[in-house]
Amino acid sequence: IGQAVFALDGWMDFVVEASCMDLALEGERLCKAGDFKGGAAFFEAAVQVGTEDLKTLSAIYSQLGNAYFYLKEYGKALEYHRHDLTLARTIGDKIGEGKASGNLGNTLKVLGRYDEAVVCCQRHLDISREQGDKVGEARALYNIGNVYHAKGKQQSWGCSQDPGDLPPEVRETLEKATMFYEMNLSLVKELGDRAAQGRAFGNLGNTHYLLGNFVEAIKFHRERLSIAKEFGDRAAERRAYSNLGNALIFLGQFDAATEYYRKTLQLSYQLKDQVMEAQACYSLGNTYTLLQQYERAVDYHLKHLIIAQELADRVGEGRACWSLVNAYMALGKHRQALPYARKHLEISIEIGDREGELTAQMNVEQLMETVGMEEGDLSSCGSEFEIQGARPKFGKTSSTDSVDLWKCSSEKVTAHHSCLSLVRAIFILLIRRVAGFQKLGRDPSDEDCFFDLLSKFQSSRMDDQRCCLDEPQNGERGGVPAPSVNDGVDSSLMTSPQTEELFDLIASSQSRRLDDQRVSVGNLPGLRITHNNLNNLGHLCGDGDPQEPSDDFFNMLIKCQSSRINDQRCSPPDPGSHAPTVPDEDFFSLIQRVQAKRMDEQRVHLPSDEQGEAEPEPRASS
């Protein structure tokens with residue numbers, strides 16, 4: 001204890017005696033080493049010590065915002081990026097103002113506030129072009145593409161269309177994302193930035209995949225794979241393999257897809273990434289089911305089950321059990337399937353998955369009838385799940401067992417076997433005895449609970465709208481490009497006749513409160529007022545004319561906010577329970593949509609929508 005106290009006293013002495021710059025440099029070093037929590041602590045200490053140098057303080061705000069962004073503390077990230085924006089504009093740092101706007105846009109995008117993110121990132125793009133900053137312009141274009149891509153994915157949640165057959169507004173949003181990614185790609189090629197080209201290729205592949213342009217998606221993902229290998233970026237290489245496998249599924253090239261998924265699994269194992277290892281096993285299990293190679297499918301689903309159990313992923317565990325039931329039933333091993341059906345039922349009840357519960361209940365009843373068991377006989381098979389449920393059988397060797405399977409050569413299916421016939425085979429398996437399931441009604445109480453939850457959720461967000469968004473936001477100052485928004489707010493958003501009255505109301509409300517929202521010196525932590533910087537702080541102290549964005553910027557922001565009021569009147573899509581060991585790109589639900597029109601009597605709801613695995617988003621720093 002004495003040593004600990006001595007060490008703490010020494011650290012406190014260091015903090016007291018160290019300058020703001022010393023603390024900030026240590027925070028920057030820790031963040032570069034990946035220790036964002038430690039880095040944020042040193043930056044906060046630097047703010048506590050304070051400085052009179054506005055550029056130094058602006059850089060600290062930017063770095064703190066980025067650190068909190070990576071720590072997923074987005075409220076604090078917004079706060080410090082706003083401080084950064086205020087100081088950048090105060091000292092006339094246009095490049096810094098652009099970066100701050102970009103970083104604010106990135107953070108707003110993650111929070112799902114896409115229209116506000118568009119305003120901020122468009123500001124970044126405009127400033128970069130005014131200043132002739134090609135690097136900043138490329139980042140802004142990339143960020144705008146990211147915002148449209150994220151918005152398009154959110155809009156597509158719950159859509160029942162076939163792959164690529166999207167509602168007009170979703171298609172328009174994704175096509176805008178493609179346009180900005182292409183502009184970004186052209187510019188980074190001109191700049192010779194190969195790493196940025198890789199990110200652009202990857203996200204172009206993801207967007208074309210969502211649009212149903214699978215051949216184009218494969219072309220871009222192969223380019224992304226090539227650049228990842230060039231840089232030795234194994235994480236990017238793994239993403240490219242996974243995305244290639246997903247696209248090939250929709251072209252009916254299942255054997256090729258399994259090869260890419262096996263490479264994904266191998267890299268995930270080498271990178272010691274259990275979550276991605278589990279997702280690769282899940283994808284392989286389902287693809288081998290499509291190939292009607294059920295024994296292999298069982299092996300991979302068991303491996304997925306092991307990891308889901310180790311990571312306490314109950315949703316993923318339930319999905320693995322469901323898949324095992326289907327595979328064992330296809331093999332005629334009904335007694336082996338029964339414990340997994342019971343486990344699937346138990347988990348579905350636990351997590352509130354009503355559709356999964358009904359499916360599992362039907363499977364349990366069918367299997368009991370097939371094996372000739374009564375309700376009272378179930379206790380005799382109570383331990384079967386543990387006996388054959390992967391954990392005792394495979395123990396901790398799941399990953400190495402996966403490696404052994406990579407060495408197995410795939411059995412060949414008939415050379416010209418069509419995609420339709422293979423998909424039909426899996427669905428005959430998966431949907432057995434669940435006819436007409438999608439026509440089940442909803443419990444009316446669900447709607448009441450939802451609106452109660454929505455009311456509580458929106459009450460806090462209305463307070464958020466009272467904050468001052470009178471400036472572009474979030475600074476970009478360093479690393480990789482982060483998500484910004486579009487080429488401006490849609491003209492349709494600006495001129496909708498239905499919202500004119502609302503615009504007037506918001507404008508009058510904002511005009512009364514602009515003075516209250518102007519930042520005072522006391523709201524900028526760490527700022528020391530001296531004779532040296534007083535002239536630069538005139539408008540913050542109440543002297544001189546306040547430096548505010550142009551009227552055009554305010555008009556755009558006010559109209560942007562009006563659309564958010566309308567957005568709050570509709571039900572946001574329910575993303576469902578989070579299952580880290582199940583890929584977001586669960587393409588089997590989309591395959592089901594393709595078949596639904598031809599197989600009305602065999603419908604079943606398979607969870608999740610298909611999306612490509614996104615490239616990481618770069619952040620800017622000072």
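1. Let's start where helix 16 meets helix 17 in this predicted model. On the helix 16 side, the contact is made by R314, V315, E317, G318, C321, W322, L324, V325, Y328 and M329. Facing them from helix 17 are H334, Q336, A337, Y340, A341, K343, H344, E346, I347, E350 and I351. Sorted by class, this contact has 12 nonpolar, four polar and five charged residues.

2. Now look at how these two helices are arranged. Helix 16 covers residues 314–330 and helix 17 covers residues 334–351. Their axes come within 8 Å and cross at roughly 150 degrees. Angles over 145 degrees count as roughly antiparallel, and helix 16 and helix 17 are therefore roughly antiparallel to each other. Their crossing is left-handed.

3. Next, try helix 9 (residues 168–191) and helix 10 (residues 194–210). The axes of this pair are 9 Å apart, and the packing angle is about 160 degrees. Helix 9 and helix 10 are therefore roughly antiparallel to each other, and helix 9 passes helix 10 in a left-handed crossing.

4. Which residues of helix 9 and helix 10 make the contact? Helix 9 contributes L174, A177, T178, Y181, E182, N184, L185, V188 and K189. Helix 10 contributes A196, Q197, A200, F201, N203, L204, T207, H208 and L210. By class, there are 10 nonpolar, six polar and two charged residues in this contact.

5. The largest nonpolar core is worth finding on your screen: it has 26 residues. Those with the most contacts inside it are Y209, I249, L265, L284, Y288 and Y300. At least two residues of this core come from each of helix 11 (214–231), helix 12 (234–250), helix 13 (254–270), helix 14 (274–290) and helix 15 (294–310). Helix 12 supplies the largest share, seven residues. There is also a second, separate core of 25 residues, which includes V47, L54, I60 and Y61.

6. Finally, a single residue to zoom in on: H221, which lies in helix 11. Is H221 buried or exposed? Its relative accessibility is 2%, so H221 counts as buried, the cut-off being under 20%.

7. What does H221 touch, leaving out residues up to four places away in sequence? Its contacts are G202, G205, N206, A240, N243 and L244. Take N243 as an example: H221 and N243 are 22 residues apart in sequence, while their C-alpha atoms are 7.0 Å apart in space.

How values were computed. Residues are numbered from 1 along each chain as its sequence is written. This is a predicted model: local features need pLDDT of at least 70, side-chain atom pairs count only at pLDDT 80 or more; totals for chains, interfaces and linings use all residues. Side-chain values use heavy atoms; hydrogens and water are left out. Axes are lines fitted to C-alpha atoms, for helices over the stretch in contact, and angles run from 0 to 180 degrees between N-to-C directions. Helices (H or I, at least four residues) and strands (E, at least two) are DSSP runs, numbered from the N terminus. Angles under 35 degrees count as roughly parallel, over 145 as roughly antiparallel, 65 to 115 as roughly perpendicular and the rest as oblique. A crossing is left-handed if the near helix is turned anticlockwise from the far one by less than a right angle, and right-handed if clockwise. Contact means heavy atoms within 4.5 Å. Ala, Val, Leu, Ile, Met, Phe, Trp, Tyr, Cys and Pro count as nonpolar, Asp, Glu, Lys and Arg as charged, and the others, Gly among them, as polar. A nonpolar core is a set of buried Ala, Val, Leu, Ile, Met, Phe, Trp, Tyr and Cys residues joined through side-chain atoms within 4.5 Å. Buried means under 20% relative accessible area, exposed over 50%, partly exposed in between (1.4 Å probe, protein chains only).
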